[in-house]
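Good morning, and thank you for the opportunity to present. I would like to take you through one structure, first its helices and then its charged side chains.

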Amino acid sequence: MKSKSIKQIAEKMRHLDFCMMVTTDGRGTHFSRPMSNNGDVEYDGNSWFYTYEQSDKVQQIRTSPSVSLSFQTADMLFIHLYGYAKIIKQKSILLEHWQESLKRWFPEGIDTPGIVMLKVQAKKIEFWHKEDEGEWRV
C-alpha cells in the first residue's frame with residue numbers, strides 16, 4: 001500500500017461525518033456503533049466525538065483505549081482508522097468543538113451534566129477509493 005501524508009488523507013476525509021466506532025471491553029468483546037464528528041472534519045490525525053460519560057463506550061475506553069473508526073461514502077471511498085481514545089472533560093476543549101446543532105442531544109450545551117468528548121488519535125489510517133489506495137502511520 002502506498003504511503004500518504006496526513007494532508008492527503010485529510011483531503012479524502014474532508015466531507016465525512018458519520019463512522020462506525022469499534023471499542024473492546026475487558027473480555028475482548030468488540031462493540032460497534034455509529035458516531036458523528038458533527039462536521040468537525042479539519043482533519044489533523046485526531047477525531048472528536050461528544051458523548052455521555054456514563055455510556056458503555058466510555059467505560060470500554062477506560063478499560064481498553066484502542067479503537068477503530070470505519071468510514072464509507074457512496075462513491076466507494078472506504079477509510080479504516082486505528083488509534084487510541086482519550087476521555088476529555090475540559091470545558092475549553094468542549095467549547096472549541098461545539099456546534100449548536102448538538103443541543104438536540106446535549107440540551108444544556110457544554111454544561112449538560114455528564115457530557116464529555118472522545119478524542120481519537122490516529123496511529124494508522126488506510127483508505128481504498130476506486131483504483132486508489134494508501135496508508136498513513138505515525
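**Salt bridges and helix faces**

I begin with a single residue: K91 has a relative accessible area of 42%, which means that K91 counts as partly exposed. Please keep in mind that this is a predicted model.

K91, in helix 3, pairs with D111, in the loop between helix 3 and strand 6. Their side chains form a salt bridge, with 3.5 Å from N to O, and 20 residues separate them along the chain. Elsewhere, salt bridges with shared partners join K2, K4, K12 and D132 into one network. Within that group, the closest N and O atoms of K2 and D132 are 3.4 Å apart. K2 lies in the segment before helix 1 and D132 in strand 7, 130 residues away. The count for the model comes to 10 salt bridges.

Let us turn to the helices. Which residues of helix 1 are buried? They are I9, A10 and M13. Seen down the axis, they fall within an arc of 105 degrees, so they line one face of helix 1. Their cover includes strand 4, strand 5, strand 6 and strand 7.

In helix 2, residues 56-63, the buried residues are K57, V58, Q60 and I61. These four lie on the same side of helix 2, because they cover an arc of only 160 degrees around the axis. The face turned away from that side carries D56 and T63, which are exposed. Among the elements covering the buried residues of helix 2 are strand 1, strand 2 and strand 3.

How values were computed. Residues are numbered from 1 along each chain as its sequence is written. This is a predicted model: local features need pLDDT of at least 70, side-chain atom pairs count only at pLDDT 80 or more; totals for chains, interfaces and linings use all residues. Side-chain values use heavy atoms; hydrogens and water are left out. Buried means under 20% relative accessible area, exposed over 50%, partly exposed in between (1.4 Å probe, protein chains only). Helices (H or I, at least four residues) and strands (E, at least two) are DSSP runs, numbered from the N terminus. The arc is that of the directions from the helix axis to the C-beta atoms. Contact means heavy atoms within 4.5 Å. A salt bridge is a side-chain nitrogen of Lys or Arg within 4 Å of a carboxyl oxygen of Asp or Glu.
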